[in-house]
Amino acid sequence: ELRNSTAVKRAESLRVELTQAGRALLVASVWMVDDGLAGFAHDFAAAPEVAKPAALRGYGELAGVEYAQWYPIWRSIEGRPLRWREPPGRPEWQTWMRFTDSAVPDRAADALRQLLWLDFPGWNATIAAHAWPFRYLTPNLDLTVQFHAFAPEAEWMLADGVVPLAQDGLVGCSSRLWTEDGRLLATGTSKHLCRLNPGYEQELVRARELGLLSDGR
């Protein structure tokens with residue numbers, strides 16, 4: 001539902017609220033500008049030098065039979081990560097993402113796709129620095145995305161995120177989105193609130209059964 005709109009000469013602000021059964025699910029503010037505005041032009045963006053998706057294995061292959069238990073969204077998307085279940089290290093996440101059963105017909109649909117991909121790094125970059133099972137979950141408090149370019153024709157996009165600091169129950173992520181040919185499409189930031197993982201004790205038992213614990217937990 002479009003709540004209100006504020007327009008100026010070259011830009012327009014929209015406020016959108018998504019509700020279900022009277023309950024607010026999402027509130028978003030969107031700024032849009034005219035095409036072809038005159039102004040400064042330069043491009044110093046440098047894409048990370050990483051393997052292309054064709055050279056990587058997808059989560060479905062890496063996770064094996066347990067992939068069927070992942071959230072249903074993973075039936076419609078595919079991810080090919082640069083790292084997979086390595087020991088805890090830097091809080092970074094780089095994964096090529098694509099839809100498996102949906103075309104992207106125009107820039108509006110591409111903007112929604114970019115928004116979705118930049119929602120992934122916050123959690124995944126955080127857990128890259130910590131051993132499983134995870135005592136906390138980190139739901140989003142917010143997500144801000146700045147769109148720089150659109151590429152509806154692109155199949156794969158690299159979601160590239162880092163969580164440099166987590167403290168006092170809060171996690172902050174900075175992320176970027178790239179095409180295979182090195183174009184910067186969008187940058188994003190998100191803030192996350194830690195809350196206790198209700199399945200932690202069960203996962204802890206499973207980790208002990210698998211012999212995965214070496215830190216005294």
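Is D110 buried or exposed at 0% relative accessibility? D110 counts as buried, because its relative accessibility of 0% falls in the buried class, which ends under 20%. The legends below start from the whole predicted model and return to D110 in a view of its own.

**Figure 1. Overall view of the predicted model.** The protein consists of 217 residues, and 31% of them count as buried. Its secondary structure comprises 4 helices and 11 strands. Taken along the principal axes, the C-alpha atoms fill a box of roughly 65 × 45 × 35 Å. Among contacts between residues at least 6 apart in sequence, 58% join residues at least 24 apart. The exposed area is about 14100 Å², with carbon and sulfur atoms supplying 54% of it. There are 23 positive and 27 negative side chains, and 3 Å separates the centres of the two sets.

**Figure 2. Close-up of D110 in helix α2.** Helix α2 covers residues 107-117 and holds D110. This aspartate has a relative accessibility of 0% and is therefore classed as buried. With its neighbours within four places in sequence left aside, D110 is in contact with V104, F150, A151, P152 and M157.

**Figure 3. The open sheet of 6 strands.** The strand order is β4-β5-β8-β9-β10-β7, and the pairing is antiparallel. At the edges are β4 (77-81) and β7 (140-147), each of which pairs on one side only. From one strand to the next, the twist averages 25 degrees.

**Figure 4. Edge strand β4 and its partner β5.** The two strands run antiparallel and are joined by 5 bridges, with β5 spanning residues 92-99. Within this pair, R80 stands opposite W96 of β5. Strand β4 is mostly covered, as 5 of its 5 residues are buried. I77, G79 and P81 point one way from the strand, while E78 and R80 point the other way. Both groups are buried, so the residues pointing either way from β4 fall under the 20% limit on relative accessible area.

**Figure 5. Edge strand β7 and its partner β10.** Strand β10 takes in residues 184-193 and is joined to β7 by 7 bridges. The two strands run antiparallel. In this pairing, N140 stands opposite H192 of β10.

**Figure 6. A154 in the loop between β7 and β8.** The loop that holds A154 leads to strand β8, residues 157-167. A154 has a relative accessible area of 13% and is therefore buried. What is the C-alpha to C-alpha distance between A154 and E61? The two residues are 23 Å apart in space and 93 residues apart in sequence.

**Figure 7. R206 in helix α4.** Helix α4 runs over residues 200-209, and R206 is placed in it. Why is R206 called partly exposed? Its relative accessible area is 43%, and the partly exposed class lies in between the buried limit of 20% and the exposed limit of 50%. The C-alpha atoms of R206 and H148 are separated by 44 Å, with the two residues 58 apart along the chain.

**Figure 8. The cis peptide bond from W132 to P133.** Omega of this bond is near 5 degrees. P133 is found in the loop between α3 (121-127) and β6 (136-137).

**Figure 9. R85, a residue other than glycine with positive phi.** Where does R85 lie? R85 is in the loop between β4 and β5. Its phi is near 50 degrees. R85 has a relative accessible area of 56% and is therefore exposed.

**Figure 10. D168, with positive phi although not a glycine.** The loop between β8 and β9 contains D168, and strand β9 spans residues 170-179. The phi of D168 is about 55 degrees. D168 counts as exposed because its relative accessible area is 72%, where the class requires over 50%.

Key
Residues numbered from 1 in each chain as written. Predicted model: local features only at pLDDT ≥ 70, side-chain atom pairs only at ≥ 80, totals over all residues. Heavy atoms only, no water. Buried < 20%, exposed > 50% of the residue type's maximum accessible area, 1.4 Å probe, protein only. Contact = heavy atoms within 4.5 Å. Areas by Shrake-Rupley, 256 points an atom, 1.4 Å probe, with all protein chains shown as cover. Lys, Arg positive; Asp, Glu negative; His and termini not counted. Charge placed at Lys NZ, Arg CZ, Asp CG, Glu CD. Pairing = 2+ DSSP bridges. Axes fitted to C-alpha atoms, helices over the stretch in contact; angles between N-to-C directions.
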